[in-house]
Amino acid sequence: INITEPISMPNLILLGPSGAGKSSCAKILAEQTKLSLVDSDKLIAEGTGMSPQQIFATMGEATFRELENQLLDSLFEEIAPFVLACGGGLPIFPGNIEKLNRLGLTVYLKAGPQALAKRVLASEARPMLDGEGDLVNRVSQLLAKRAPVYEKAQFTVDTTGMTVEETVQTILNYLK
């Protein structure tokens, strides 16, 4: 589906673990719906001049989470509707999933640990998945902690075995 004119839409908020496809899907959704694209990790990197990995390494996770919270609070002032790709940990901070649910339609991009580990291996560094041992095990442990919060999203799409395009189409179908 290609939407040629802007239509009245809620903000679309994609959340889920690293490797779920949030950034990739958000980019295509923004193009197809003519909404602005907001990627929390990219905006933080632009604002600080440091990647999330550099912020984690030099200033710690708490500083990064505070930057995410400041960004999230600023989004309530946005007038034009947008598609937001949340960093994997943004919804986890106390109160943030509730803020996200007030801000727009939250979509949990869900996938199994094996699929996530495979996708993460093919991409850039993910600070919350750094460490020793089996990547699938680390993904499983992080997912076990975060899934109860992710599941508070208003809509869930299981992206396991789906392409980015199929995931986007599922979200657009839901919006109809």
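Two rings of Phe, Tyr or Trp form an aromatic pair if their centres lie within 6.5 Å; planes under 30 degrees apart count as stacked, over 60 as edge-to-face, and the rest as tilted. The exercises below concern a predicted model.

**Exercise 1. Describe the order of the elements along the chain.**

Solution. Begin with the inventory: eight helices and five strands are present. Then read from the N terminus, which gives the order β-α-β-α-α-α-β-α-β-α-α-β-α. The chain therefore opens with a strand and ends with a helix.

**Exercise 2. Determine what share of the chain is buried, and characterise its contacts and its surface.**

Solution. A residue is buried when its relative accessible area is under 20%. Of the 176 residues in the chain, 47% are buried. Next, consider contacts with a separation of 6 or more: 73% of them involve residues 24 or more positions apart. Finally, the accessible surface amounts to about 8800 Å², and carbon and sulfur atoms contribute 54% of this area.

**Exercise 3. Examine helix α7: where is its kink, and what do its buried residues pack against?**

Solution. Helix α7 covers residues 135–150. Its kink, of about 40°, is located at Ala144, shortly before the proline Pro148. Now list the buried residues of α7: Leu135, Arg138, Val139, Leu142, Leu143, Arg146, Ala147, Val149 and Tyr150. Their packing partners include two strands, β1 (12–15) and β4 (105–110). The helices α4 (61–75), α5 (96–103) and α6 (113–121) are partners as well.

**Exercise 4. State how many aromatic pairs the rule yields, and classify the pair Phe56 and Phe64.**

Solution. The rule yields three aromatic pairs. In one of them, Phe56 and Phe64 lie 5.2 Å apart, centre to centre, with 45° between the planes. This angle is neither under 30 nor over 60 degrees, so the pair is tilted. Phe56 has a relative accessible area of 16% and is therefore buried. Phe64, at 2%, is buried also.

**Exercise 5. Classify the pair Tyr108 and Tyr150, and state which elements this pair links.**

Solution. The ring centres of Tyr108 and Tyr150 are 5.3 Å apart, and the planes form an angle of 35°; the pair is tilted. Tyr108 belongs to strand β4 and Tyr150 to helix α7, so that 42 residues separate the two and the pair links distant parts of the chain. Both Tyr108 and Tyr150 are buried.

**Exercise 6. How many disulfides does the whole structure hold?**

Solution. The search finds zero disulfides. As a further step, examine two cysteines: Cys25 is buried at a relative accessible area of 2%, and Cys86 is buried at 3%.

Terms used: Residues numbered from 1 in each chain as written. Predicted model: local features only at pLDDT ≥ 70, side-chain atom pairs only at ≥ 80, totals over all residues. Heavy atoms only, no water. Helix = DSSP H or I, 4+ residues; strand = E, 2+ residues; numbered from the N terminus. Buried < 20%, exposed > 50% of the residue type's maximum accessible area, 1.4 Å probe, protein only. Contact = heavy atoms within 4.5 Å. Areas by Shrake-Rupley, 256 points an atom, 1.4 Å probe, with all protein chains shown as cover. Bend = angle between axes of the 7 residues up to and from the residue. Phe/Tyr/Trp six-rings, centres within 6.5 Å; stacked < 30°, edge-to-face > 60°. Disulfide = S-S within 2.5 Å.
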